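Thanks for coming, everyone. I'll keep this brief. Please have a look at the structure first.

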Amino acid sequence: MAKKLSELARLIGATLQGEDLEVKGVNALSLATEEELSFVESRRHLAAAKETRARALLAPPSLAQELSGKSLLLTENVRAALSRLAWLFYESPEHPRGISPLAFVEEGAEIHPEASVYPFVYVGRNARIGARSVLHPFVYVGAGCEVAEDCLLYPHVVLYPGTKLARGVILHAGAVVGSDGFGYAQEGRRHLKIPHFGHVQVEEEVEIGANTCVDRATFGVTRIGAGSKIDNLVQVAHNVDLGRGCVLAGQAGLTGSVKLGDFVFVGGQAGINRSVGDGAQVAAKAGVARDVPPGAVVAGAPAMEIQRWRRCVAAYERLPELLKEIRRLQEKVARLEETLNERDRS
Amino acid sequence: MAKKLSELARLIGATLQGEDLEVKGVNALSLATEEELSFVESRRHLAAAKETRARALLAPPSLAQELSGKSLLLTENVRAALSRLAWLFYESPEHPRGISPLAFVEEGAEIHPEASVYPFVYVGRNARIGARSVLHPFVYVGAGCEVAEDCLLYPHVVLYPGTKLARGVILHAGAVVGSDGFGYAQEGRRHLKIPHFGHVQVEEEVEIGANTCVDRATFGVTRIGAGSKIDNLVQVAHNVDLGRGCVLAGQAGLTGSVKLGDFVFVGGQAGINRSVGDGAQVAAKAGVARDVPPGAVVAGAPAMEIQRWRRCVAAYERLPELLKEIRRLQEKVARLEETLNERDRS
Amino acid sequence: MAKKLSELARLIGATLQGEDLEVKGVNALSLATEEELSFVESRRHLAAAKETRARALLAPPSLAQELSGKSLLLTENVRAALSRLAWLFYESPEHPRGISPLAFVEEGAEIHPEASVYPFVYVGRNARIGARSVLHPFVYVGAGCEVAEDCLLYPHVVLYPGTKLARGVILHAGAVVGSDGFGYAQEGRRHLKIPHFGHVQVEEEVEIGANTCVDRATFGVTRIGAGSKIDNLVQVAHNVDLGRGCVLAGQAGLTGSVKLGDFVFVGGQAGINRSVGDGAQVAAKAGVARDVPPGAVVAGAPAMEIQRWRRCVAAYERLPELLKEIRRLQEKVARLEETLNERDRS
């Protein structure tokens, strides 16, 4: 499925510099063949670009000169252009429309005729599945769930009853949405379970990674805001309110009732126990134990502003030397005191 | 399903203050309608209580006066009362009794006629399923497993062969119980797998969260003590001995052969590599590398007593200033030495 | 299935000291019966060895004298010997050969007649399953996957399309291999998904734990090197290149494109964001933010050489006292300055 560079340039609004070659795919610099388009995101990749067999490259205008031996599609946001063009060459699997006779659909469920329901899918009572949504084998859709159109549920996704997915949601294998929150009342040495009346609302174009868990609300709703992206093995507890366009990296965890604003970035293995404002960033492994204001960048556990954290870490790493210096100071001061005492005596 | 407050008061041993209203449900302060009962756990919620539409509240006697405009159910343990009353209004799903013709049951398995076995359930040889236990779709029960009565196994739960669940155990979606421990013998550069002869015993009224893993013992038993509650994505390694009434929050991890006493609380993302005594508490993100005595509260990685940890953190956060103070001290001391030397010379 | 010690000694190249007893199994010191073989790995276990009912022990020659009351199989690597002998007594479950009529196999898939395919297995188009490989119930094998011979896929394993497993791979329940990497292009406030063309190659004799996730490469391959062992709930991101014989403990996480050499050990809950050289070790909970050279042992977050880390931790734990000492020094220095000033004045 060859495409001319001029055609690709037009599709993404890029400027073509050099020969109008035909390309048959996209690939990384080190893997591309002569017939594939590759990409250079920044100066860091120039060395690899020298070695690549690709004759056509996506690149920012600032590198046009260095890369002048190649045919170039020049665009400021190389990564966005890559995303757009890559889909042209990506062979999306075709899913058979309709309901497999090996699926099990309870009474009252409504499945759009253009949905794809694979063998070994279970759809509970009164659930609704929208057009072009795909339920892979072993997907469980609980009673009363609503799956809008264009959703992609990979194998073993579990939607507890009452879960709502808006248009274009992708859930990877083993993701669990709507499980009970971790809520108990303590009475003496017993933990009494508190029933969870709430549900989970996943807004449009959210993607959730493999084996990630999102608990339902105790009351009300656990919300995953539109366009948010969640990696694998992330824990989102009951009543979390996640804003739009948030990014949570692998193994991050959000405790109950935590509120994140829009467009918050959370690094891998970070744990968040307080509110995080719009546009804030939380570094990998951070432990957020104080509210994070909008736009702030925090790191460490307990998390603090990242510049301060860097200085704390730098000092921490010099603590052994610091100890020695303090010992030396103590000795010096003792000697000074001695000297003065001796003079007093003399 | 309306209930009179006087009736609810009698059920939980609370005192009714104010009008004997009828309520049709329970809900959070901010979400409750006029017909729902809400709850005030502490003074912190008084502001929200002023705004709520709910006309009836669960509250501690100490707040009776501030809330005198409402009908009150007064009780010391509001949260326990909430748990008890909430179940009265909770519509538990009805599970069809019996074995779905779409389930697969191997020879020798015994399933109580009052159990519920959904489509796409697999029950291995000689497994036993007790009365009123529910196996949701895609549950795998390995050969020789014992599931006592009143257990609730959500979709995709996996019980490896030989796993034993006592009465009233709840396992959430994707939980894996009884997988091989992570045990190898190193021989040169090869890791030889050590077979795992042991099993997992989950005692009564344990609840285990979604996608949590509990490994079987190498020899003997990995035990989850009665009434313990484990959150999502927790790792419990081979031969762990978890006491009664423990609480492990999301993404916590216990390494092989670790022993926790009764009623231990472990925060989210904590890692435990040593024994923890009865009633001890381990803060979120802590790394326990030394034994924790009964009743202790520890935090940090490596974990230490929490009051000390707080002081260490406070000092850590001031390290940049501390460095400056040490520099200043060094200068002052150098100047003092200089001064004395000059005098010696003069 | 009794075995004579002399026979076992011959099998593993051990020296028999004492009576040539028959044993019927292996077990831990505290659990063994008189008819079972137990094992003493080091001097630490001598006390337990005094108490054991076992009459035959695996032990290192250095402990032969202390244990002279027992029949001994003497060998330097007790753990390796244990692994070898334990399998002789381990009752591996028998898996029925062939394809269950309740499995679903898409067109073009090739399943070796000696493979075992349980009920409720899904095998996608053109997938290949090798001899003696076992697919437990609820295993999903995507289109075009290659599963070589002697692989063991526990219930709920998901192989996304195109995943390749070499000979002897073990995947535990709920493991997900080949899910999309977490890759997006940011354009304004939108995250554009980048399609993932790559796949995952799992080399021979790898074992992967329950609910662990391994993402496919964006381009090229995510590789898990031969003989590597990965524990439960581990995150391996897109394009990771894991060497041979690596060991990743529970809940560890590797970010995208990270390269680990051969025989790297990674502790539980560690997070790795940089290259790690051959034979290096990363402690539990470490956060690797700088390249780790071959053979290094690192700890802490950010990770540093472990001896230095120990000294930093020791100093950190004394920070409250350190603060006091600095206060004292400041007072002393102030007093010295005062004294000198007074003398100047007098």
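Let me start with a question. Is the crossing of helix 5 of chain A and helix 5 of chain C left-handed or right-handed? It is left-handed.

Before the details, a word on confidence. This is a predicted model. The scores are ipTM 0.96 and pTM 0.97. For chain A, the mean pLDDT is 96, with 100% of its residues at 70 or more.

Back to that helix pair. Helix 5 of chain A covers residues 319–345. Its axis lies 10 Å from that of helix 5 of chain C, and the packing angle is about 30°. Angles under 35 degrees count as roughly parallel, so helix 5 of chain A is roughly parallel to helix 5 of chain C.

Who makes the contact? On the chain A side, the residues include A:Leu319, A:Leu323, A:Ile326, A:Leu329 and A:Val333. A:Arg327, A:Glu337 and A:Asp344 are also among them. From chain C, the list includes C:Leu322, C:Glu325, C:Lys332, C:Thr339 and C:Arg343. Sorted by class, that contact has 14 nonpolar, two polar and seven charged residues.

Now swap the partner. Helix 5 of chain B, residues 319–345, also packs against helix 5 of chain C. The angle is about 30°, and the axes are 10 Å apart. That makes these two helices roughly parallel. Their crossing is left-handed. Contributors from chain B include B:Leu322, B:Glu325, B:Lys332 and B:Thr339. They meet a set in chain C that includes C:Leu323, C:Arg327, C:Gln330 and C:Asp344. The class split here is 14 nonpolar, two polar and seven charged.

Next, inside chain A. The domain assignment gives domain 1 at 3–89 and domain 2 at 99–307. Over C-alpha atoms, the centres of domain 1 and domain 2 of chain A are 36 Å apart.

One more helix pair, again in chain A. Helix 1 is residues 5–12, and helix 3 is residues 78–89. How do their axes run? They come within 10 Å and cross at roughly 125°. Helix 1 and helix 3 of chain A are therefore oblique to each other. This crossing is right-handed. Helix 1 brings A:Leu8, A:Leu11 and A:Ile12. Helix 3 answers with A:Ala81, A:Arg84, A:Leu85, A:Leu88 and A:Phe89. By class, that contact has seven nonpolar, no polar and one charged residues.

That's my tour. Over to you.

How values were computed
Residues are numbered from 1 along each chain as its sequence is written. Chains are lettered from A and ligands numbered from 1 in the order in which they are written. This is a predicted model: local features need pLDDT of at least 70, side-chain atom pairs count only at pLDDT 80 or more; totals for chains, interfaces and linings use all residues. Side-chain values use heavy atoms; hydrogens and water are left out. Axes are lines fitted to C-alpha atoms, for helices over the stretch in contact, and angles run from 0 to 180 degrees between N-to-C directions. Helices (H or I, at least four residues) and strands (E, at least two) are DSSP runs, numbered from the N terminus. Angles under 35 degrees count as roughly parallel, over 145 as roughly antiparallel, 65 to 115 as roughly perpendicular and the rest as oblique. A crossing is left-handed if the near helix is turned anticlockwise from the far one by less than a right angle, and right-handed if clockwise. Contact means heavy atoms within 4.5 Å. Ala, Val, Leu, Ile, Met, Phe, Trp, Tyr, Cys and Pro count as nonpolar, Asp, Glu, Lys and Arg as charged, and the others, Gly among them, as polar. pLDDT is the predictor's confidence in each residue, from 0 to 100. Domain bounds come from an automatic or database domain assignment.
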